[in-house]
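Visitor: I am new to this structure and should be grateful for a close look at a single part of it. Would you please take the salt bridges as that part, and then relate them to what surrounds them?

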Amino acid sequence: ENILRELSKDKEILLLLPDLVWRAGLTNSTANLLLELASLGKVGAEQFSIFCYGSAVENLDETIFKNWIVFLLDANKPRATLIALDLLDFYYNMRGPKKRFPKDLIYKAITHPTLSEEKEGPAIRQTEDYNWIKLTQAFIKKYPKDSLKLGILVLDNLGKAGTIFEGYRSSTLEILDEVSKIFPTEIWKHISTLIGPPISQR
């Protein structure tokens, strides 16, 4: 950690620091160092994407990991949110029931405003909404009584360009279908507000 801290004083090396940490093996101390530098604006939120590869965050202390996720979500950038979703899916879903599913943190991630902000540019790739779908399905399974807002979120944003709700994807509609089975009356009532009058584009 001391070596990395010294290296971080070099602006050119600073750009490569996350990659160096990933290659050397992420530890709790280096994770804290990266977060410290990121909080100071010396490391960008998007640079954390390198840790989505392999099993980089597998052995991170949960508190430190959650601090990473909070930082990424608070960055309020679409790319940072997608990175947070990827890391969350690996840490809590792919590793099996080793960790308790953090309800509030997962909900904050899967309902993050940047996921529904309409924008121009390349369409969201299916691989980019994959983690959202898996985490949302897991949330509905664990907390079905709290899933109504997720169904409404999908309905309110269906078809939005540049978002994970773009193109009426079957996987996104599966989320809506799951919520509809739990709250059929409430979902249809909300649909009625969207189809008229006036007739909504959705």
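Guide: Lys66 is a suitable place to begin: with a relative accessibility of 30%, Lys66 counts as partly exposed. The model shown here is a predicted one, and the values that follow are computed from it. Lys66 takes part in a salt bridge with Glu62, in which the closest N and O atoms are 3.9 Å apart. These two residues are separated by about one helical turn, because they stand four residues apart in helix H5, which covers residues 62–74.

In total, the structure holds seven salt bridges. Another of them is formed by Asp177 and Lys181, whose side chains meet at 3.5 Å, N to O. Here too the partners are four residues apart, in helix H10 (residues 170–182), so about one helical turn separates them. Asp177 is partly exposed, at 38% relative accessible area, while Lys181 counts as exposed, at 64%.

A further salt bridge joins the side chains of Lys134 and Asp89, at 3.3 Å from N to O. Lys134 belongs to helix H8 and Asp89 to helix H6, so this pair ties together parts that are 45 residues apart in sequence. Lys134 is partly exposed, with 22% relative accessibility. Asp89, by contrast, is buried, because its relative accessible area is 1%, under the 20% limit for that class.

The surroundings of Asp89 include Asn131, which touches Leu85, Asp86 and Asp89 when residues up to four places away in sequence are not counted. Asn131 is located in helix H8, which spans residues 126–142. Its relative accessibility of 8% means that Asn131 counts as buried.

From here the view may be widened to the interior. The largest nonpolar core has 62 residues, and those with the most contacts inside it are Phe48, Phe51, Val57, Trp68 and Trp132. Helix H6, residues 78–94, gives the most to this core, with ten residues. For Val57, leaving aside neighbours within four places in sequence, the contacts are Leu26, Phe51, Phe65, Trp68, Leu87, Phe90 and Tyr91.

One last pair concerns residues distant in sequence. Asn32 and Ile64 are 32 residues apart along the chain, while their C-alpha atoms are 7.0 Å apart in space. Asn32 is part of helix H4, residues 28–39, and counts as partly exposed at 37% relative accessibility.

Note on methods. Residues numbered from 1 in each chain as written. Predicted model: local features only at pLDDT ≥ 70, side-chain atom pairs only at ≥ 80, totals over all residues. Heavy atoms only, no water. Core = buried A, V, L, I, M, F, W, Y, C linked by side-chain atoms within 4.5 Å. Buried < 20%, exposed > 50% of the residue type's maximum accessible area, 1.4 Å probe, protein only. Contact = heavy atoms within 4.5 Å. Salt bridge = Lys/Arg side-chain N within 4 Å of Asp/Glu carboxyl O.
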